[in-house]
Amino acid sequence: MTEHEHGAEDRERLRIYVTGTCDGLPEVLQALQAHDELELVGSAESIQEAASALAGGHLEAILHATRGPAYPAEELATVREYSRAPLILLASGDCSGLLEEALEDGVADLVPLPQLTENIVFAIRKACHQGRRSQAVDGRRGRVITVFSPKGGVGKTVVSTNLAATLCKSLGKATLLLDLDLQFGDAAIMLGLQPDKTIYDLVVAPGELDSEKLAGYTLQHPSGLDVLPAPLQPEDAELVTEGKLARLLEVARGSYDAIIVDTSPFFHGPMLATLDRTDDLLLLCGLDVPTIKNVRLSLQTLDLLSFPSERVGVVLNRSNTNVGIQRGEVERALETKIRADLPSDRAVPLGVNRGKPVSLNDPGADFSKAIAELARGLMAETSKSKKPAGKKGLLSRMRS
Ligand SMILES: Nc1ncnc2c1ncn2[C@@H]1O[C@H](COP(=O)(O)OP(=O)(O)OP(=O)(O)O)[C@@H](O)[C@H]1O
Ligand SMILES: [Mg+2]
């Protein structure tokens, strides 16, 4: 292996997608597929066919192929409906008249074909770099950390409340805990809070959602943590639509360093809209066969949805319980490494019943120490730039 190849392995590969068609495209696709700096997530001539991958694929750049001399304004507008990733135009035939219109239209680069692969990769690298920079100057960009498990009672709410409290109190991060267990959420109760306003009040309030409005609907925990509780009535859950949630997460990203999302054990619409904007998905597993089976199914579903596997971290809760299943067996069954172990700890239910998260009340407890390590690990990754996905992604893919 050459030094160049070693370097590329250490870096995260750039996730790209190719739409449209032009002469010489099959050869280009083959070369991009084989390139070690790139991850070609997919390609489709029809943009409609690519829609869910464009929106949900966490792409860093999109290449659209076209035959000159006409500028594909409509096609590019459709691509932009699904993703805000930088666009590169690959053009065969007469493309002398395309450049001006492409630049005016905000296309990152125009690459005439045939072209050396390295020149195309250079254009991709440049576009991705510019995309990341413009994201950085947009201001704060909080990390969305979603805590999910396909089974109830595995510890989602315990983990999300303690993680959020630790990020806020111990690591000094501006943190929002969002309770997306919309029907039976109990994050506020676990924190000893009595909600007077919830996410329901926020989404039905008139007017555009912005950071000030969001601040008016969050509850303040004494630790400094902000909480947006689940609706008080289960029937109000359905008013929290995917569109509202998408906007809420975009706004929250501008106001907080970290947004922790507690969930219910279902891949429903709001959950999919959240996944589209999730930087880290903590997939909670326990040491019992039904949970392991369902976590395995969840991993398969996430794969089908093109959710980037490097964003998924399996967390084993109550990992030290002696119930005849070893940690290694779980890893083999899931075909993935466990990212973090959280011990079973009597201090946890004591904290739950008192409405005082163990991480705050008893930072020396084994569970609190494990959560603190997980929190530090998550924040250490914040420096890595990861592009969120756009609007309609995973949701439309689940329905199609
Ligand atoms: N590491 C742990 N040690 C001891 N008890 C734990 C631990 N994790 C969770 N528990 C207990 O398990 C109970 C269920 O946890 P929790 O409510 O967080 O699960 P959940 O996945 O959010 O469930 P649901 O799907 O019903 O919302 C808690 O009341 C807590 O007492
Ligand atoms: Mg819960």
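Colleague: Which residues of helix α2 (residues 25-34) are buried?

Modeller: This is a predicted model, so local features need pLDDT of at least 70, side-chain atom pairs count only at pLDDT 80 or more, and totals for chains, interfaces and linings use all residues. Residues are numbered from 1 along each chain as its sequence is written, chains are lettered from A and ligands numbered from 1 in the order written, and side-chain values use heavy atoms, leaving out hydrogens and water. Helices (H or I, at least four residues) and strands (E, at least two) are DSSP runs numbered from the N terminus, while buried means under 20% relative accessible area, exposed over 50% and partly exposed in between (1.4 Å probe, protein chains only). On that basis, the buried set in α2 is L25, V28, L29 and L32.

Colleague: Within what arc do the buried residues of α2 fall?

Modeller: Take the directions from the helix axis to the C-beta atoms. Exposed P26, E27, Q30 and A34 sit on the face turned away from the buried side. The buried residues line one face of the helix, because seen down the axis they fall within an arc of 100°.

Colleague: OK, on to β10: how many of its residues are buried?

Modeller: A258, I260 and D262 are buried on one side, and I259 and V261 on the other, so to speak covering both faces. The strand is largely enclosed by the rest of the structure, because the buried count is 5 of the 5.

Colleague: Which residue of β10 does L177 stand opposite?

Modeller: Strands pair here if DSSP finds at least two bridges between them. Strand β7 (residues 175-179) runs parallel to β10, with 5 bridges joining them, and 5 bridges also join β6 to β10, again parallel. In β10, R143 has A258 as its bridge partner, and L177 stands opposite I260.

Colleague: Which element gives the most to the largest nonpolar core?

Modeller: A nonpolar core is a set of buried Ala, Val, Leu, Ile, Met, Phe, Trp, Tyr and Cys residues joined through side-chain atoms within 4.5 Å. The largest one has 36 residues, with I145, L177 and I260 among those making the most contacts inside it. Elements giving two or more residues include β6 (143-148), α7 (156-169) and β10. With 7 residues, the top contributor is α17.

Colleague: And S264, which side chain does its own side chain make a polar contact with?

Modeller: S264 is in the loop between β10 (258-262) and α12 (269-275), and it counts as buried because its relative accessibility is 7%. A polar contact is a pair of N or O atoms within 3.5 Å; within protein, one must be able to donate a hydrogen and the other to accept it, and residues adjacent in sequence count only if both atoms are side-chain atoms. At 3.4 Å, the partner is the side chain of H268.
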